[in-house]
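Here's a quick briefing to read with the model open in your viewer. It goes through internal space, helix packing and a couple of backbone details.

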Amino acid sequence: MDVNCEGCAGCCIDWRPIADVPPSAEHGSDRPPIDDTYNLAPLRSGEARSLVDAGYGDAMTPRLFEAGPDDDSVRVDGVALAAIGNRPVFYLGLRKPTKAVAPFDGERRWLPACCFLDPETLQCRIHDSELYPNTCRVYPGYNLQLERETECERVETSIGGPKRLLDSTPPADADPTFSAAIGTTVFAYPDPDELSGIVSRLAAAELTDDDRTRFVGVACGSSPGTIEINEAAADRYRELAAAADSWVGRSIQTWDDRADTSGSAATIEEPGAIETADGAPETPGWDAVRAPDDGSGSP
């Protein structure tokens, strides 16, 4: 699999507002989520633990789903949530604050973008680290294996420009079953009563830090193949996540403030520096990864 990511980040940015024909949401599930985050890539439980251990407990957010007609369900805040028994199912993804970004060589706009995406280079700040999620590493491998449209192809169709999907052979280890594995990427919240009020806030994009850490703890306390939770591990990781004060959390607050007060995103110069000022690692730039023979970037 070979893709040209330079100037794109279509899988990391919610670019629907700038598309002539906005793509439908690619939520990674047949069930509709109760939030509207675009391309929220699921994290494995081990990846969530690694992020918390690295101080990034404030980088994750949950996704809950509306129940289908044949699903178990539990009703919270007036919403019938997909469940296993009476336990609402969810997964974790990386937060997508609104940033000043200029994808597809266009003008800088306010668009939701992955918290780890450098808004200037459009490169991932953890791409070469052990924290880089497997879902991101093999993307769009899952889509190719399932013969579904990739985000690269959506950009090509809606935006035009250079070819993005250069090779349609998925990685050998792109196993789409991991995206629905109980205890690995799909988790079951043990007490639906605790979610009263949280479900409404999730639907309204108004989650609190405490709301998010509840789900982080449950995911980190989960084990593959079971809905049971290691309560001691869940409590410990919830506490660690609640204590997180990473550059991600700080920059999200900075971006929220800038988006509220700065007017047009076009006025934001050197947006990457907004995050590095909060402690974000630098990205290498595209000259460092560009293939010398054809000029395309293949991170």
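How do the residues of the lining of the largest cavity divide into nonpolar, polar and charged? The split is six nonpolar, three polar and one charged. Keep in mind that this is a predicted model.

**Enclosed space**

- The structure has one cavity of 30 Å³ or more, and the largest cavity holds about 40 Å³ of space.
- One stretch of its lining runs through Ile182, Gly183, Val186, Phe187 and Ala188, and the rest comes from Ser222, Thr226, Ile227, Glu228 and Ile229.

**The second largest pocket**

- If you're after open space, the second largest pocket comes in at about 810 Å³.
- Elements giving two or more residues to the lining of this pocket are strand S2 (60-64), helix H5 (198-203), H6, helix H7 (231-242) and helix H8 (247-261).
- H8 gives the most to that lining, with five residues.
- In total, 34 residues line the second largest pocket, and those nearest its centre are Thr61, Arg95, Lys96, Ala205 and Arg212.
- Sorted by class, the lining of the second largest pocket has 14 nonpolar, 13 charged and seven polar residues.

**H1 against H6**

- Helix H1 (residues 45-53) packs on helix H6 (residues 209-220) at an angle of about 120°, and the two axes are 8 Å apart. That angle makes H1 oblique to H6.
- The crossing of H1 with H6 is left-handed.
- On the H1 side, the contact uses Ser45, Ala48, Arg49 and Val52, which meet Val216, Ala219 and Cys220 of H6. By class, this contact of H1 with H6 has five nonpolar residues, plus one polar and one charged.

**H6 against H7**

- H6 also packs with H7, here at an angle of about 140° with the axes 7 Å apart.
- H6 and H7 cross in a right-handed way.
- From H6, the residues in contact are Asp210, Thr213, Arg214, Val216, Gly217, Val218 and Cys220, and they meet Ala234, Tyr237, Arg238, Ala241 and Ala242 of H7. Seven residues of this contact between H6 and H7 are nonpolar, two are polar and three are charged.
- Val216 and Cys220 of H6 turn up in the contact with H1 and again in the contact with H7.

**H1 against H7**

- H1 and H7 pack at an angle of about 45°, with 9 Å between their axes. That makes H1 oblique to H7.
- The crossing of H1 and H7 is left-handed.
- Arg49, Val52 and Asp53 of H1 meet Tyr237, Leu240 and Ala241 of H7. By class, the contact of H1 with H7 has four nonpolar and two charged residues, with no polar ones.
- Arg49 and Val52 of H1 thus face two partners: they take part in the contact with H6 and in the contact with H7.

**Backbone details worth a look**

- The peptide bond from Tyr139 to Pro140 is cis, with omega near 5°. Pro140 sits in the loop between helix H2 (134-138) and helix H3 (141-145).
- Ala9 has phi near 60°, a positive value in a residue other than glycine. You'll find Ala9 in the loop between strand S1 (2-3) and H1.

Conventions:
Residues numbered from 1 in each chain as written. Predicted model: local features only at pLDDT ≥ 70, side-chain atom pairs only at ≥ 80, totals over all residues. Heavy atoms only, no water. Axes fitted to C-alpha atoms, helices over the stretch in contact; angles between N-to-C directions. Helix = DSSP H or I, 4+ residues; strand = E, 2+ residues; numbered from the N terminus. Parallel < 35°, antiparallel > 145°, perpendicular 65-115°, else oblique. Left-handed = near helix turned anticlockwise from the far one by under 90°. Contact = heavy atoms within 4.5 Å. Nonpolar A, V, L, I, M, F, W, Y, C, P; charged D, E, K, R; others polar. 1 Å grid on protein atoms, 1.4 Å probe; cavity = no way out; pocket = protein on both sides within 12 Å on 5 of 7 lines; lining within 4 Å. Points joined across faces, edges and corners; volume = space filled by probe spheres on them.
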